[in-house]
Amino acid sequence: MLTRTQEVGMVCFLVAIGLVFLGRQVWKNQRTNLIPIYKPKPGENTAAYCAMTGKGMMLGGVGMFILSIPLSQAEPDRYFALICLICCLIFIGMGISMYLRAEKHYHSG
């Protein structure tokens, strides 16, 4: 039987896999339909926009994966869990930063 924390860890792991997969699809295949609230604008650099946005989504997925490691354990060490939480926040912050930079530089009209 899984504990509540282990269930949350599994959800974080599945979200991480989903974000990495979607980010790769956006980055490599330029699937703009997978980008939330995307509206095409004339003269935009779609390849650069997709590359930066996809990498940002993948960084968010890596952050979620790091967070899922201590949550999957029955009795995680507090310091290890704190370090994983800090790393998770750093990676998610970098991903959001890349996404916002892509919106500003490559998608402004």
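Helix H1 gives the largest share of the nonpolar surface patch in this predicted model, with 3 residues. The patch as a whole covers about 510 Å² and is put together from Phe13, Leu14, Ile17, Phe65, Ile69 and Phe80. Two helices, H1 (4-29) and H2 (46-71), each bring at least two residues to it. If you want a single residue to look at, try Phe65, which sits in helix H2. Its relative accessible area is 38%, so Phe65 counts as partly exposed. That fits with the patch, because a residue needs over 30% relative accessible area to be taken into one.

Stay with H2 for a moment and turn to the largest pocket. Its volume comes to about 160 Å³, and its lining is made by Leu19, Gly56, Met57, Gly60, Met64, Ile92, Gly95, Ile96 and Tyr99. Which elements give two or more residues to that lining? They are H2 and helix H3 (78-106). Sorted by class, the lining holds 6 nonpolar and 3 polar residues, with no charged ones. The glycines named in the lining, Gly56, Gly60 and Gly95, fall in the polar class here, because that is how glycine is counted.

Now for the charges. Side chains of opposite charge can pair when their charged atoms come close. How many salt bridges does a search of the whole structure find? Just 1 turns up, and it joins Arg4 to Glu7, with 3.8 Å between the closest N and O atoms. That pair makes the list because the cut-off is 4 Å. Both partners belong to helix H1, where they are 3 residues apart, or about one turn of the helix. Are the two partners buried or exposed? Arg4 is exposed, since its relative accessible area is 64%, while Glu7, at 37%, is partly exposed.

Last stop: the loop between H1 and H2, where you will find Gln30. What should catch your eye there is the backbone: phi of Gln30 is near 50°, a positive value in a residue that is not glycine. Most residues other than glycine have a negative phi. As for its side of the surface story, Gln30 is partly exposed, with a relative accessible area of 39%.

So, if you are clicking through the model, the route is a simple one. Begin at the nonpolar patch with Phe13 and Phe65 among its members, go on to the pocket lined by residues including Met57 and Tyr99, then visit the Arg4 and Glu7 salt bridge, and finish at Gln30 with its positive phi.

Conventions
Residues are numbered from 1 along each chain as its sequence is written. This is a predicted model: local features need pLDDT of at least 70, side-chain atom pairs count only at pLDDT 80 or more; totals for chains, interfaces and linings use all residues. Side-chain values use heavy atoms; hydrogens and water are left out. Patches are made of residues with over 30% relative accessible area and no salt bridge: like charges are joined within 9 Å, nonpolar side chains (Val, Leu, Ile, Met, Phe, Trp, Tyr) within 5 Å. Accessible areas come from the Shrake-Rupley method with a 1.4 Å probe; for residues, only the protein chains shown count as cover. A salt bridge is a side-chain nitrogen of Lys or Arg within 4 Å of a carboxyl oxygen of Asp or Glu. Helices (H or I, at least four residues) and strands (E, at least two) are DSSP runs, numbered from the N terminus. Buried means under 20% relative accessible area, exposed over 50%, partly exposed in between (1.4 Å probe, protein chains only). On a 1 Å grid over the protein atoms alone, a cavity is a set of points where a 1.4 Å probe fits but cannot get out, and a pocket is an open set with protein on both sides within 12 Å along at least five of seven lines; lining residues have an atom within 4 Å of a point. Grid points are joined across faces, edges and corners, and a volume is the space filled by probe spheres set on the points.
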